[in-house]
Structures are given as C-alpha cells and as structure tokens.
Amino acid sequence: MKIGQLSKATGASTRSIRYYEKKNLLTAKRMDNDYREFDESDVKRIKTIQIYLDIGLSTREINGILNCHENYDAYDSDDFCEELLGAYEEKHAEILQQIQALTVAQLKLEQRIEQMRRQRTLKGTVSNSAEQSNQSI
C-alpha cells in the first residue's frame, strides 16, 4: 500500500508517517518509481508508535522499544521485554513527578487567588465607606 492508504488505515497523517521514517521508527520499501510501499505489518507498527506517543514516550525511547522485539505489538503481546518495562517505569515516575509539581503549583495559585479576593473585598469595603463619608459631607 502507498503512504496515503497507510494514512487512512492508521489515522496518522502522511507527514507523521514520513517523520516516523525519518526517526527510524518505520522503514518503507521503495518501488522502482521511488514511491514508498508499505504492508499490513506497518499498520500495526504505526498503531504501536501512536500508543507510545500517547503515553508520552519520546521517539528515541520508542525506537528502543521497537528494537526490543522486531514485530512487537503493544495492543496484543504476551512477550516480555526488559527495555519496555524499564521505559514504562521511568515514564510512570516522570508522570508522578509532574503531578506533584502541578499539585504544588495548583495550591500556590489557589492561595494567591484567595488572597486577591480578600484584598478585593477589603478594598471594596474601604471604597464604600469613603463614598458614604463623602456623601454625608
């Protein structure tokens, strides 16, 4: 199948497919007219690449995983791959750190919002008192 057909079969844009090829995640066979030629195994490979991109792995990390087992299928595989387990554990730890950092940022932001709301309320109270004083004069 040609790149456009592969794109339709996987949902990946032709630009993404070319990028995967450039990053050595995918290897296209070349026809005599220099067109790329793909087969069903490439459909599975792209879907596997998409899974790993969705969970936040880099193309370098994905390349290592894909090289672990030539026809590794993230959707349906009982094969064990030490590199894959390590990559998953590292990504999980990274995500936990990001969650912790975001939680701290969220709490600081909530505190600042509450502080600003109190200041607004106090300013409104002071402004209303000043206006009432000016009107009574």
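Which residues are exposed on the other side of α2? I would like to begin there, with the reminder that what we are looking at is a predicted model. The residues are Arg15 and Lys22, both exposed on the other side of that helix, and they give us a way into the question of how α2 sits among its surroundings.

If we turn to the buried residues of α2, we find Ile17, Tyr20 and Glu21. Seen down the helix axis, these residues fall within an arc of 100°, and so they line one face of the helix. The cover over them includes α1, the strands β1, at 29–30, and β2, and also α3. Just after the helix, asparagine 24 takes a positive phi of about 60°.

Let me step back to the chain as a whole. Its secondary structure comes to five helices and two strands, and from the N terminus on these elements run α-α-β-β-α-α-α. Of the 137 residues in the chain, 23% are buried. The exposed area of the chain is about 10200 Å², with carbon and sulfur atoms supplying 50% of it. Among contacts between residues at least 6 apart in sequence, 50% join residues that are at least 24 apart.

Helix α1, residues 3–10, can be read in the manner we used for α2. Its buried residues include Ile3, Leu6, Ser7 and Thr10. Viewed down the axis of α1, the buried residues fall within an arc of 105°, so that they line one face of the helix. Among the elements that cover them are α2, β2, at 36–37, and α3, at 40–54. Glycine 11, just after α1, takes a positive phi of about 85°.

On the α3 side, consider valine 43, which is found in that helix and, at 8% relative accessibility, counts as buried. Leaving aside neighbours within four places in sequence, valine 43 is in contact with Met1, Leu6, Ala9 and Thr10. Valine 43 and lysine 8 are 35 residues apart in sequence, and their C-alpha atoms are 9.9 Å apart in space.

That brings us to the nonpolar core. In soluble globular proteins, nonpolar side chains tend to be buried together. Here the largest nonpolar core has 19 residues, and those touching the most other members are Leu6, Ile17, Tyr20, Leu26, Phe38, Ile46 and Ile62. Each of α1, α2, α3, α4, at 59–68, and α5, at 82–136, supplies at least two residues of this core, and the largest share, four residues, comes from α3. Leucine 26 is a good residue to select on the screen: not counting residues up to four places away in sequence, leucine 26 touches Leu6, Ile17, Tyr20, Glu21, Phe38, Asp42, Arg45 and Ile46.

What, then, does glutamate 21 touch, if we again set aside residues up to four places away in sequence? The list is Leu26, Ala28, Arg30 and Arg36. Glutamate 21 is found in helix α2, residues 14–22, and is buried, with a relative accessible area of 17%. The side chain of glutamate 21 makes a polar contact with the side chain of arginine 36, at 2.5 Å.

I will finish with the charged pairs. Side chains of opposite charge can pair when their charged atoms come close. A search of the whole structure finds six salt bridges, and I will go through some of them. Aspartate 39 forms one with lysine 29, with 3.5 Å between the closest N and O atoms. Because aspartate 39 lies in the loop between β2 and α3 while lysine 29 lies in strand β1, this pair ties together parts that are 10 residues apart in sequence. Both partners count as partly exposed, aspartate 39 at 31% relative accessibility and lysine 29 at 44%.

Arginine 30, partly exposed with a relative accessible area of 41%, meets aspartate 34 in a salt bridge at 3.9 Å, N to O. In α5, the side chains of lysine 91 and glutamate 94 meet in another, at 3.1 Å, N to O. Being three residues apart in that helix, lysine 91 and glutamate 94 are separated by about one helical turn. Lysine 91 counts as buried at 10% relative accessibility, whereas glutamate 94 is partly exposed, with a relative accessible area of 32%. Finally, salt bridges that share partners join Glu21, Arg30, Asp34 and Arg36 into one network, and that returns us to α2, where Glu21 is one of the buried residues.

Definitions and conventions
Residues numbered from 1 in each chain as written. Predicted model: local features only at pLDDT ≥ 70, side-chain atom pairs only at ≥ 80, totals over all residues. Heavy atoms only, no water. Buried < 20%, exposed > 50% of the residue type's maximum accessible area, 1.4 Å probe, protein only. Polar contact = N/O pair within 3.5 Å; in protein donor to acceptor, adjacent residues only side chain to side chain. Contact = heavy atoms within 4.5 Å. Arc of directions from axis to C-beta. Areas by Shrake-Rupley, 256 points an atom, 1.4 Å probe, with all protein chains shown as cover. Core = buried A, V, L, I, M, F, W, Y, C linked by side-chain atoms within 4.5 Å. Salt bridge = Lys/Arg side-chain N within 4 Å of Asp/Glu carboxyl O.
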